[in-house]
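Here are my notes on the model, for you to check against the coordinates. I start with the core and work outwards.

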Amino acid sequence: MEKDPVCGMLVDPKEAAGQRSHEGRTYYFCSADCLKKFDQAPQRYVVADKPGAKKDGP
Ligand SMILES: [Zn+2]
């Protein structure tokens, strides 16, 4: 299962309403509505949790 970054719901990629690639990651969405919201402001929903993302100091 993948987490829909907009609403936080767990989405089965096989049954997702849509998907988007953003900065090397693929995100899945439970509905076209969530997909639309993501398209409007992806940075609002994407959390910088990947290695190498900026952090607060060493
Ligand atoms: Zn959703």
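1. **Core.** In this predicted model, the largest nonpolar core holds nine residues: Val6, Val11, Tyr27, Tyr28, Phe29, Cys30, Cys34, Leu35 and Phe38. Two elements, β4 (25–29) and α1 (32–40), each supply at least two residues of this core.

2. **Cys30.** This core residue sits in the loop between β4 and α1. Why does Cys30 count as buried? The cut-off is 20 or more other C-beta atoms within 10 Å. Cys30 has 21 such neighbours, so Cys30 counts as buried.

3. **Contacts of Cys30.** Set aside residues up to four places away in sequence. Cys30 then touches Asp4, Cys7, Met9, Val11 and Ala17. One of these, Val11, is also listed in the core. Check the backbone too: the C-alpha atoms of Cys30 and Asp12 are separated by 8.4 Å. These two residues are 18 apart along the chain.

4. **Cys34.** Cys34 is another core member. With neighbours within four places in sequence left aside, Cys34 is in contact with Asp4, Val6, Cys7 and Phe29. Asp4 and Cys7 are also among the contacts of Cys30.

5. **Two sides of α1.** Which residues of α1 are buried? They are Cys34, Leu35 and Phe38. Seen down the helix axis, the buried residues of α1 fall within an arc of 100°, so they line one face of the helix. The other side of α1 carries exposed residues: Ala32, Asp33, Lys36, Asp39 and Gln40.

6. **What covers α1.** The cover over the buried residues of α1 includes β3 (18–22), β4 and α2 (42–45). β4 thus has two entries here: as part of this cover, and as a supplier of core residues.

7. **β3 and β4.** These strands run antiparallel and are joined by five bridges. Arg20 stands opposite Tyr27 in β4, and Tyr27 is listed in the core. The hairpin of β3 and β4 has two residues between the strands. Look at Glu23 in this hairpin: Glu23 takes a positive phi near 50°.

8. **Whole chain.** How many helices and strands does the protein chain have? There are two helices and four strands. Along the sequence the pattern is β-β-β-β-α-α. Buried residues make up 19% of the 58 residues. Among contacts with a separation of 6 or more, residues 24 or more positions apart account for 26%.

Definitions and conventions:
Residues numbered from 1 in each chain as written. Predicted model: local features only at pLDDT ≥ 70, side-chain atom pairs only at ≥ 80, totals over all residues. Core = buried A, V, L, I, M, F, W, Y, C linked by C-beta atoms within 7 Å. Buried ≥ 20, exposed ≤ 12 C-beta atoms within 10 Å, placed from the backbone. Contact = placed C-beta atoms within 7 Å. Arc of directions from axis to C-beta. Pairing = 2+ DSSP bridges.
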